[in-house]
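Work through the exercises below with the sequence and the model in view. Each task is followed by a solution in steps.

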Amino acid sequence: MLNGSLEAICCYLNHHLVAKKTFDNESSRTLTFEIKGMQRKWLIKMDGSNGWQVGACSFPNRASACLAFKDIEVAKNAALGTLDSWLSLTNGEIILSGRIPLLDKFGYVSRIAQKEVPRPGR
């Protein structure tokens with residue numbers, strides 16, 4: 001579910017006018033996402049003419065910004081758009097590091113996508 005959510009956000013980064021403009025100056029940046037306790041880590045980066053892409057990430061990679069979810073339940077709530085990000089930050093359910101303004105921009109685009117893309121179960 002998280003992978004699908006990240007893919008949808010990348011589609012917005014590549015094709016939605018406001019989202020594209022928001023990330024105009026970020027093409028050299030990368031973002032990683034992980035769920036604590038799991039081996040998988042996702043990398044979002046600009047891939048030349050293919051635009052923003054989601055892929056697997058090996059742990060030694062250095063990203064511009066990282067977001068880590070405390071557990072699968074927190075990641076699921078984030079993917080479904082039901083996570084209160086401010087409360088989750090203060091409770092330690094999500095951990096941000098690196099270039100925080102980049103994560104803030106990504107969150108902005110995420111909220112646009114969540115408003116426009118139907119959620120599972122609706």
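**Exercise 1: Strand pairing**

S1 and S2 pair in the antiparallel sense, over 5 bridges. The model is a predicted one. Task: starting from this pair, work out the order of the strands in the sheet.

Solution.
1. Look at the link between the two strands. S1 and S2 form a hairpin with 5 residues between them. In that turn, glycine 37 has a positive phi of about 85°.
2. Pick a residue pair across the hairpin. Leucine 31 has isoleucine 44 in S2 as its bridge partner.
3. Go outward from S2. Strand S2 (residues 41-46) pairs with S3 in the antiparallel sense over 5 bridges. Here isoleucine 44 stands opposite valine 54 in S3.
4. Return to S1 and look at its pairing with S4. S1 and S4 run parallel and are joined by 5 bridges. Phenylalanine 33 stands opposite leucine 67 in S4.
5. Put the order together. The sheet is open, has 5 strands and reads S3-S2-S1-S4-S5, with mixed pairing. Its edge strands, S3 (52-56) and S5 (94-98), each pair on one side only. From one strand to the next the twist averages 15°.

Strands of a sheet pair through backbone hydrogen bonds, either parallel or antiparallel.

**Exercise 2: The two faces of S1**

Task: sort the residues of S1 by the way they point, and state whether they are buried or exposed.

Solution.
1. Recall the rule. In a regular strand the side chains alternate between the two faces of the sheet.
2. Apply the rule to S1. Thr30, Thr32 and Glu34 point one way, while Leu31, Phe33 and Ile35 point the other way.
3. Check the burial. Buried means under 20% relative accessible area. By that cut-off 6 of the 6 residues of S1 are buried.

**Exercise 3: Helices H1 and H5**

Task: check the length of each helix, then list what is buried in it and find its neighbours.

Solution.
1. Start with H1, residues 2-15. At 1.5 Å a residue, its 14 residues should span 20 Å, and the end C-alpha atoms are 20 Å apart, so the two values agree.
2. Do likewise for H5, residues 100-116. Its 17 residues should span 24 Å at 1.5 Å a residue; the end C-alpha atoms are 25 Å apart, which agrees.
3. List the buried residues. In H1 they include Leu2, Leu6, Ile9, Cys10 and Leu13. In H5 they include Leu102, Leu103, Phe106, Val109 and Ile112.
4. Place the helices. H1 lies across S1 (30-35), S2, S3 and S4 (65-69), and runs at about 155° to S3. The buried residues of H5 pack against H1, H2 (17-22), S1, S2, S4 and S5.

**Exercise 4: The whole chain**

Task: describe the protein chain by its elements, its dimensions and its contacts.

Solution.
1. Count the elements. The chain has 5 helices and 5 strands, and from the N terminus on they run α-α-β-β-β-β-α-α-β-α.
2. Test for a globule. For 122 residues, a compact globule would have a radius of gyration near 14 Å; the chain has 14 Å, which agrees. The C-alpha atoms fill a box of roughly 40 × 35 × 20 Å along the principal axes.
3. Look at burial and surface. Buried residues make up 38% of the 122. The accessible surface comes to about 7,300 Å², and 52% of this belongs to carbon and sulfur atoms.
4. Finish with contacts. Among those with a separation of 6 or more, 64% are between residues 24 or more positions apart.

Technical notes. Residues numbered from 1 in each chain as written. Predicted model: local features only at pLDDT ≥ 70, side-chain atom pairs only at ≥ 80, totals over all residues. Heavy atoms only, no water. Pairing = 2+ DSSP bridges. Helix = DSSP H or I, 4+ residues; strand = E, 2+ residues; numbered from the N terminus. Axes fitted to C-alpha atoms, helices over the stretch in contact; angles between N-to-C directions. Contact = heavy atoms within 4.5 Å. Buried < 20%, exposed > 50% of the residue type's maximum accessible area, 1.4 Å probe, protein only. Rg over C-alpha atoms; globule rule 2.2 N^0.38 Å. Areas by Shrake-Rupley, 256 points an atom, 1.4 Å probe, with all protein chains shown as cover. Expected span 1.5 Å × (residues − 1).
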